[in-house]
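User: I should like to understand the terms that are applied to a protein model. Please set each value beside its definition.

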Amino acid sequence: EVRALLTPLAKLAEDHDLAVVCVAHLNKGNNTQALTRVNGSMAFVAAARAAFIVERDKEDSDRRLFLPLKNNLGADQTGLAFRVQGTFLPGDIETSCVIWEPEPVTVTADEAMAPGPDAEKQSALEDAKAILSQILLYGPVPGKKATAEALEAGLSERTIRRARTALGIRPVKHGFSGGWIWTPSREGVQR
């Protein structure tokens, strides 16, 4: 069913010489194959010409690894590494920027996503905090969207609420008839 829905999108991209970039979250599973950790149907990855994952470096929690998961366009043997750094724009607007490292990364997606020795000790709350941090990495998100993504990642509503509190995420009402916006605290959500 998913592939049938993606076929017209692929045709549109081909007809207009476009690249389509899709973002999916990873599930909490401890499967050793990174490919099976992509949430939803396997058709999302199967239909793509190239797929990459972003994973936190196990040896440096501030460093992210951008690793090839699948590539029909060429032979990728290496990935890249980057850090997200806070910065200010003119007008004192706080935002984030990506700082890429110049050297390639040789760790594979499967190696980067393999459970570490302390993986069994990690609680559901710690998993939830990591997932919410990822969802709010670039700033405020509508509460309904954040909750839906966290539920899709396999979290329970109770664990989502506990993690939100633990991270200091503040739900803020957006306008009189608008929805709730989850705003990351500077101390809680790790960038």
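The exchange below takes up the terms one by one.

User: How should the model be read?

Analyst: This is a predicted model, in which local features need pLDDT of at least 70 and side-chain atom pairs count only at pLDDT 80 or more, while totals for chains, interfaces and linings use all residues. Residues are numbered from 1 along each chain as its sequence is written, and side-chain values use heavy atoms, with hydrogens and water left out.

User: What is the average pLDDT of the protein, and which elements have the lowest and highest means?

Analyst: The term pLDDT denotes the predictor's confidence in each residue, from 0 to 100. The protein averages 84, and 91% of the residues score at least 70. Among the elements, helix 2 (residues 43-47) has the lowest mean, 80, and strand 4 (residues 93-100) the highest, 93. Where pLDDT is low, the predicted coordinates should not be read in detail.

User: Why is D57 called buried?

Analyst: Buried means under 20% relative accessible area, exposed over 50%, and partly exposed in between, with a 1.4 Å probe and protein chains only. D57 has a relative accessible area of 11%, so D57 is buried. This residue lies in strand 1 (residues 50-57); helices (H or I, at least four residues) and strands (E, at least two) are DSSP runs, numbered from the N terminus.

User: What does D57 contact, leaving aside its neighbours within four places in sequence?

Analyst: Contact means heavy atoms within 4.5 Å. With those neighbours left aside, D57 is in contact with R63 and L65. In addition, a polar atom of the D57 side chain lies 2.9 Å from the backbone nitrogen of E59.

User: What makes the link between T159 and S156 a polar contact?

Analyst: A polar contact is a pair of N or O atoms within 3.5 Å; within protein, one must be able to donate a hydrogen and the other to accept it, and residues adjacent in sequence count only if both atoms are side-chain atoms. The side chains of T159 and S156 are joined at 2.8 Å, so the distance satisfies the limit of 3.5 Å. T159 is found in helix 6 and, at 9% relative accessibility, counts as buried.

User: How many bridges pair strand 1 with strand 2, and in which sense?

Analyst: Two strands pair if DSSP finds at least two bridges between them. Strand 1 and strand 2 (residues 60-71) have 8 bridges, in the antiparallel sense, so the requirement of at least two is met. The two strands form a hairpin with 2 residues between them, and A50 stands opposite N71 in strand 2.

User: Why do strand 5 and strand 6 count as edges?

Analyst: An open sheet is formed by 3 strands in the order 5-7-6, with antiparallel pairing. Strand 5 (141-142) and strand 6 (170-173) each have a single partner strand, so one side of each is left without a neighbour in the sheet.

User: How do you know that the buried residues of helix 5 line one face?

Analyst: In helix 5 (residues 143-152), G143, A146, E149 and A150 are buried. Seen down the axis, the buried residues fall within an arc of 135°, so they line one face of the helix; the arc is that of the directions from the helix axis to the C-beta atoms. On the other side, K144 and E152 are exposed.

User: How many disulfides does the structure hold?

Analyst: A disulfide is a pair of cysteine sulfur atoms within 2.5 Å. The structure holds 0 disulfides. C22 is exposed at 60% relative accessible area, whereas C97 is partly exposed at 27%.
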